[in-house]
Amino acid sequence: MPYVDGFVLPLPTKNLEAYKKMSHACGAVWKEYGALEYRECISDDVKPGEHTSFPQAVKLEEGESVVFAWIVYESRAKRDEVNEKVMKDPRLAGFMKPEELPFDGKRMFWGGFEMIVDL
């Protein structure tokens, strides 16, 4: 079964174009090194919940949207191999600096997931 890295972050809506430019650059590198899919989505219908929600999870502020994204790999081993190469790639060096990001990286969260259903 494939393996998935998922992440969620708050994005100031005014930075959407800069974020899309960054995402296209990052996605191309991930795919070059072996990721099967690279997907990023911007919130369209997410509401604060009573106990938990996407907006609450990222402490969404006025003027921000939620980004929900995932990268698919053939396996966890392949994910580890791809990510090691990506983190060393000089084309992405600028995106590894918190002050250069178009969003607040402190409110981003991510994790790796084993796929249990693939229809």
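Biologist: Which helix holds both Arg76 and Asp80?
Modeller: This is a predicted model. Arg76 and Asp80 sit 4 residues apart, about one turn of the helix. The element they share is helix H3.

Biologist: How far apart are the closest N and O atoms of Arg76 and Asp80?
Modeller: The pair counts as a salt bridge, because the cut-off is 4 Å between a side-chain nitrogen of Lys or Arg and a carboxyl oxygen of Asp or Glu. For Arg76 and Asp80, the closest N and O atoms lie at 3.9 Å.

Biologist: Is Arg76 buried or exposed, or partly exposed?
Modeller: Buried needs under 20% relative accessible area, and exposed needs over 50%. Asp80, the partner, has 37% and is partly exposed. Arg76 has 47% relative accessibility, so Arg76 is also partly exposed.

Biologist: Which residues are linked with Arg76 in a network of salt bridges?
Modeller: Arg76 has the salt bridge with Asp80. Both belong to a network of salt bridges. The residues linked with Arg76 there are Asp5, Arg79 and Asp80.

Biologist: How many residues apart in sequence are the parts that Glu32 and Arg91 tie together?
Modeller: Glu32 and Arg91 form a salt bridge, with the closest N and O atoms 3.0 Å apart. Glu32 lies in helix H1 and Arg91 in the loop between H3 and E4, so the pair joins parts separated in sequence by 59 residues.

Biologist: Is Arg107 buried or exposed?
Modeller: Arg107 forms a salt bridge with Asp104, the closest N and O atoms being 3.0 Å apart. Asp104 is partly exposed at 29% relative accessibility. Arg107 has a relative accessible area of 12%, against a cut-off of 20%. Arg107 is therefore buried.

Biologist: How many salt bridges does the count come to?
Modeller: Glu32–Arg91 is one salt bridge. Arg107–Asp104 is another. By the 4 Å rule, the count comes to 13.

Biologist: Which residues lie nearest the centre of the largest pocket?
Modeller: The largest pocket has about 640 Å³ of space. Its lining takes in 28 residues. Among the elements that each supply at least two of them are helix H1, helix H3 and strand E4. Nearest the centre lie Trp30, Met87, Met96, Met108 and Trp110.

Biologist: How many residues in the lining of the largest pocket are nonpolar?
Modeller: Of the lining residues, 6 are charged and 4 are polar. Met and Trp count as nonpolar, so the residues nearest the centre, Trp30, Met87, Met96, Met108 and Trp110, fall in that class. The nonpolar count for the lining is 18.

Conventions: Residues are numbered from 1 along each chain as its sequence is written. This is a predicted model: local features need pLDDT of at least 70, side-chain atom pairs count only at pLDDT 80 or more; totals for chains, interfaces and linings use all residues. Side-chain values use heavy atoms; hydrogens and water are left out. On a 1 Å grid over the protein atoms alone, a cavity is a set of points where a 1.4 Å probe fits but cannot get out, and a pocket is an open set with protein on both sides within 12 Å along at least five of seven lines; lining residues have an atom within 4 Å of a point. Grid points are joined across faces, edges and corners, and a volume is the space filled by probe spheres set on the points. Helices (H or I, at least four residues) and strands (E, at least two) are DSSP runs, numbered from the N terminus. Buried means under 20% relative accessible area, exposed over 50%, partly exposed in between (1.4 Å probe, protein chains only).
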